[in-house]
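Trainee: Could you walk me through how the labels for this model are earned? I'd like to see the reasoning behind each one.

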Amino acid sequence: MGTISDHMARAARYLNAHPSSISLVAVTDPKRLPDPAVALLALPRQSALIWRTYGKKPDYPTVRALASKLRARDGILLIAGMPDFARRLGVDGVHLPEYSLARHRHGTFRRDVPAVIVTAACHSERAIVAAARADVDAVLISPVLPSESHPGGKPLGIPRFARLVRVANGLGLPAYALGGISTPPHVARLRGTSVKGIAGISFILGSGN
């Protein structure tokens, strides 16, 4: 039968022409999914996990254990908003919040952490351009559909999301869909947008995103 995350992973792979690349990204949340170990248990192989610690520096043994377990399953761990910490630990990646992109223009961030995978959160075309200037590796564009994480937020909708994906791709940035993508039919709506995969919380929790 498989879990909801297994079904979502299979659906997401149809979006990506490169089967060896990451198509599913789990994102922790301080209220809905604070424990990255819980997310890890539900993730299928070849997935990524973004640990949003929200300023609380996690302990070294926990980070190293998570990173090791993900690598053993051909996955990667990204720490949100803590580039220096992630680099010292040798973590695979860093996730930048949108507000921090202005501090990393013209690739300065990449010169600081050249061997680390860098993703960024983007909610607009301006943010995508800033992410390209920061020389990140991929962007998470949100919110695509109505989301439980931001119940009052206005979703982009599929047409506007598709336009932002085209902007990202034109700047050489793979794009992932975040926000409200909680079922395989939601994933199917993304076909034709050139998105590389999906990101979220709900497919780990088995509920709406």
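Trainee: Leaving aside neighbours within four places in sequence, which residues is Ile-198 in contact with?

Mentor: This is a predicted model, and in it Ile-198 is in contact with Met-8, Ala-12, Leu-15, Ser-23, Leu-24, Val-25, Tyr-176, Ala-177, Ile-181, Val-187, Leu-190 and Phe-203. Each counts because it has heavy atoms within 4.5 Å of Ile-198.

Trainee: Which residues touch the most other members of the largest nonpolar core?

Mentor: Leu-77, Leu-190 and Ile-198 do, in a core of 71 residues. Helix α7 (residues 158-170) supplies the largest share of this core, six residues.

Trainee: What makes both faces of strand β1 count as covered?

Mentor: Look at each side of β1 (residues 24-27): Leu-24 and Ala-26 are buried on one, Val-25 and Val-27 on the other. Buried means under 20% relative accessible area, so these four residues fall below that cut-off.

Trainee: And why is Ala-42 called partly exposed?

Mentor: Its relative accessible area is 23%. The partly exposed class runs from 20% to 50%, so Ala-42 belongs there. Ala-42 sits in helix α2 and, not counting residues up to four places away in sequence, touches Thr-3, Ser-5 and Ile-204. The C-alpha atoms of Ala-42 and Ile-204 are 5.9 Å apart, although 162 residues separate the two along the chain.

Trainee: How do you know that β1 pairs with strand β8 and with strand β2?

Mentor: Pairing needs at least two bridges, and β1 has three to β8 (residues 197-200), so that pair qualifies. β1 also has three bridges to β2 (residues 48-51), so this pair qualifies too. β1 runs parallel to β8, and its pairing with β2 is in the parallel sense as well. As examples, Ala-26 has Gly-200 of β8 as its bridge partner, while Val-27 stands opposite Ile-50 in β2. From β1 the chain crosses through helix α2 (residues 36-42) to β2, in a right-handed β-α-β crossover.

Trainee: What makes Arg-191 count as lying over the face of Tyr-14?

Mentor: Arg-191 is 5.6 Å from the ring centre of Tyr-14. The distance limit is 6 Å, so that part of the test is met. The other part asks for a position within 35 degrees of the ring normal, and Arg-191 is listed as over the face.

Trainee: How many aromatic pairs are there?

Mentor: Zero. The rule asks for ring centres within 6.5 Å, so no two rings meet it here.

Definitions and conventions
Residues numbered from 1 in each chain as written. Predicted model: local features only at pLDDT ≥ 70, side-chain atom pairs only at ≥ 80, totals over all residues. Heavy atoms only, no water. Core = buried A, V, L, I, M, F, W, Y, C linked by side-chain atoms within 4.5 Å. Buried < 20%, exposed > 50% of the residue type's maximum accessible area, 1.4 Å probe, protein only. Right-handed = clockwise from strand over helix to strand, strands pointing away. Phe/Tyr/Trp six-rings, centres within 6.5 Å; stacked < 30°, edge-to-face > 60°.
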